[in-house]
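User: Hello! I'd like a close look at one part of this protein, please, with the surroundings filled in as you go.

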Amino acid sequence: APDRLRLVIRRGRPDGFGVHAATRLTAGDHLELSRPAGAFALPDLPGAHHVLFAGGSGITPLAPMAAHALRHDPACRVTLVHSVPTSADDLLADCP
């Protein structure tokens, strides 16, 4: 299990939660979260080459999926293509 949790929130609309989160939340604040919606999973194909495409905030579920595949299947390959208008729009630019 990871030793930390990374929460990615898009600012979105001026009256939305993203602006509140970016301007009001601080380390240690408590949030109530719900389960993810949808069915995001890579097929269980050992040694496969997974090719993932994301635009903007669509990178959020795909980056951990890619990392999980690489951790649990050393024979697999992952190509992750992410498109954003500018480098300032890259939500995960500071990730190692």
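Which residues are exposed on the other side of α2?

Analyst: Happy to walk you through that helix; please keep in mind that this is a predicted model. The residues exposed on that other side are Arg-71 and His-72.

Let's start with the helix itself. Helix α2 covers residues 59–72, and its 14 residues should span 20 Å at 1.5 Å a residue. The C-alpha atoms at its ends are 20 Å apart, which agrees with that expectation.

Now for the buried side. Ile-59, Leu-62, Met-65, Ala-66 and Ala-69 are the buried residues of α2. Looking down the helix axis, you will find them within an arc of 130°, so they line one face of the helix. These buried residues pack against two strands, β1 (49–55) and β2 (77–83).

A good place to see the neighbourhood is His-50, which sits in strand β1. His-50 is buried because its relative accessible area is 8%, and buried means under 20%. Leaving aside residues up to four places away in sequence, His-50 touches Ala-69, along with Leu-42, Pro-43, Cys-76, Arg-77, Val-78 and Thr-79. Ala-69 is also one of the buried residues of α2.

For contrast, turn to Leu-5, in the segment before α1 (17–24). Leu-5 is exposed, with a relative accessible area of 72%. On the surface, Leu-5 joins Leu-7, Ile-9, Phe-17, Leu-31 and Leu-33 in a nonpolar patch, and together they have about 610 Å² of accessible area.

Key. Residues numbered from 1 in each chain as written. Predicted model: local features only at pLDDT ≥ 70, side-chain atom pairs only at ≥ 80, totals over all residues. Heavy atoms only, no water. Patch = residues over 30% accessible without salt bridge, like charges linked within 9 Å, V, L, I, M, F, W, Y side chains within 5 Å. Areas by Shrake-Rupley, 256 points an atom, 1.4 Å probe, with all protein chains shown as cover. Salt bridge = Lys/Arg side-chain N within 4 Å of Asp/Glu carboxyl O. Helix = DSSP H or I, 4+ residues; strand = E, 2+ residues; numbered from the N terminus. Buried < 20%, exposed > 50% of the residue type's maximum accessible area, 1.4 Å probe, protein only. Expected span 1.5 Å × (residues − 1). Arc of directions from axis to C-beta. Contact = heavy atoms within 4.5 Å.
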